[in-house]
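Colleague: I would like a close look at one part of this model, with its surroundings explained step by step. Please keep it plain, since I am new to this.

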Amino acid sequence: RARVGRELEGIDVRLALLLRGEEERLAAYYRIAELYEEKLLDNASTLNVYLRSLKEYPLDERTGEDAPRLAATVDGGWETLANAYADILGLHNDANIQRTIGRRLAKTFEDELGDVDKAVETYRYVLSVEALDTEALANLDRIYLSIEAWAELAGILEMRVRAPADDVELTELYARLGEVYERKLKDAGRAITTYGGVLERE
């Protein structure tokens, strides 16, 4: 353990003072994480290392996979990961990072923390970055349908028919939207207009 501790300290010093290239820094983070997980059997510290790496390199594939894996093994790990995702959204302005991390945060809220309201809020945030983000739209569609939020569902379906999709999917979306207007919102005028969109595609 003493030898591992010295190696960890040495790598950390190099990260802070010497290593500037992305590949070198990521390799250092990977090595530190491996030492904590495999030699010291310390999953909490391993998670913290991956979160440090994630905040620097939010789109790194290995870090993006290992951080949730470790979060699942640590008490309070999912809350810690969610907070890290939120920090990243404040640290990075790149639209791709905002969308990718926003989607991960929303999924964490829904699937791991059971907070559907926060998931909806976060998917809505993703749409503020990219209005026709297909993954965010599909998940909001699913959530609003499950909670029978019909007006909100209609709004999302209106957006989905403007997003890239094949003819079969678009026809299905128009049909669903027309049904929501007709049967749930009792809006005959919009239902007729929407069903017209279905006919135009046939």
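Is Ser53 buried or exposed, and what is its relative accessible area? Please start there and work outwards.

Modeller: Keep in mind that this is a predicted model. Ser53 is found in helix 3. Its relative accessible area is 0%. Residues under 20% count as buried, so Ser53 is buried. Leaving aside neighbours within four places in sequence, Ser53 is in contact with Leu26, Tyr29 and Thr63.

From Ser53 we can move to the helix that holds this residue. Two packed helices are described by the angle between their axes and the distance between the axes. For helix 3 and helix 5, the angle is about 15° and the axes are 10 Å apart. Angles under 35 degrees count as roughly parallel, and helix 3 and helix 5 are therefore roughly parallel to each other. Helix 3 passes helix 5 in a right-handed crossing. On the side of helix 3, the contact is made by Leu47, Leu51, Leu54 and Lys55. Helix 5 brings Gly77, Thr80, Leu81, Ala84, Tyr85, Asp87, Ile88 and Leu91 to this contact. Sorted by class, the contact of helix 3 with helix 5 has eight nonpolar, two polar and two charged residues.

Two names from that contact return in the nonpolar core. The largest nonpolar core has 34 residues, and Leu51 and Leu81 touch the most other members. Two or more residues of this core come from each of helix 1 (2-17), helix 2 (22-39), helix 3 (43-56), helix 4 (61-71), helix 5 (77-91) and helix 6 (95-112). Beyond its neighbours within four places in sequence, Leu81 is in contact with Leu51, Leu54, Ala67, Pro68 and Ala71. In soluble globular proteins, nonpolar side chains tend to be buried together. Apart from the largest core lies another, of 25 residues, among them Ala154, Met159, Val161 and Ala163.

Helix 5 also packs against helix 6. Their axes come within 9 Å and cross at roughly 155°. Angles over 145 degrees count as roughly antiparallel, so helix 5 is roughly antiparallel to helix 6. The crossing of helix 5 past helix 6 is left-handed. Among the residues in this contact are Trp78, Ala82 and Tyr85 of helix 5 and Ile97, Gly102, Leu105 and Phe109 of helix 6. By class, the contact of helix 5 with helix 6 has 10 nonpolar, three polar and two charged residues.

Further along the chain, Thr122 lies in helix 7. Thr122 is buried, with a relative accessible area of 8%. Not counting residues up to four places away in sequence, Thr122 touches Gly102, Leu105, Ala106 and Phe109. Gly102, Leu105 and Phe109 are also among the residues of helix 6 in the contact with helix 5.

The last stop is Leu140, in helix 8. Leu140 is buried, with a relative accessible area of 0%. With neighbours within four places in sequence left aside, Leu140 is in contact with Val120, Tyr123, Arg124, Leu127 and Ile156. Of these contacts, Ile156 is one of the buried residues of helix 9 (residues 150-160). The buried residues of helix 9 pack against helix 7 (116-129), helix 8 (134-146) and helix 10 (167-184). Leu140 and Asn48 are 92 residues apart along the chain, and their C-alpha atoms are separated by 31 Å.

Conventions:
Residues are numbered from 1 along each chain as its sequence is written. This is a predicted model: local features need pLDDT of at least 70, side-chain atom pairs count only at pLDDT 80 or more; totals for chains, interfaces and linings use all residues. Side-chain values use heavy atoms; hydrogens and water are left out. Buried means under 20% relative accessible area, exposed over 50%, partly exposed in between (1.4 Å probe, protein chains only). Helices (H or I, at least four residues) and strands (E, at least two) are DSSP runs, numbered from the N terminus. Contact means heavy atoms within 4.5 Å. A nonpolar core is a set of buried Ala, Val, Leu, Ile, Met, Phe, Trp, Tyr and Cys residues joined through side-chain atoms within 4.5 Å. Axes are lines fitted to C-alpha atoms, for helices over the stretch in contact, and angles run from 0 to 180 degrees between N-to-C directions. Angles under 35 degrees count as roughly parallel, over 145 as roughly antiparallel, 65 to 115 as roughly perpendicular and the rest as oblique. A crossing is left-handed if the near helix is turned anticlockwise from the far one by less than a right angle, and right-handed if clockwise. Ala, Val, Leu, Ile, Met, Phe, Trp, Tyr, Cys and Pro count as nonpolar, Asp, Glu, Lys and Arg as charged, and the others, Gly among them, as polar.
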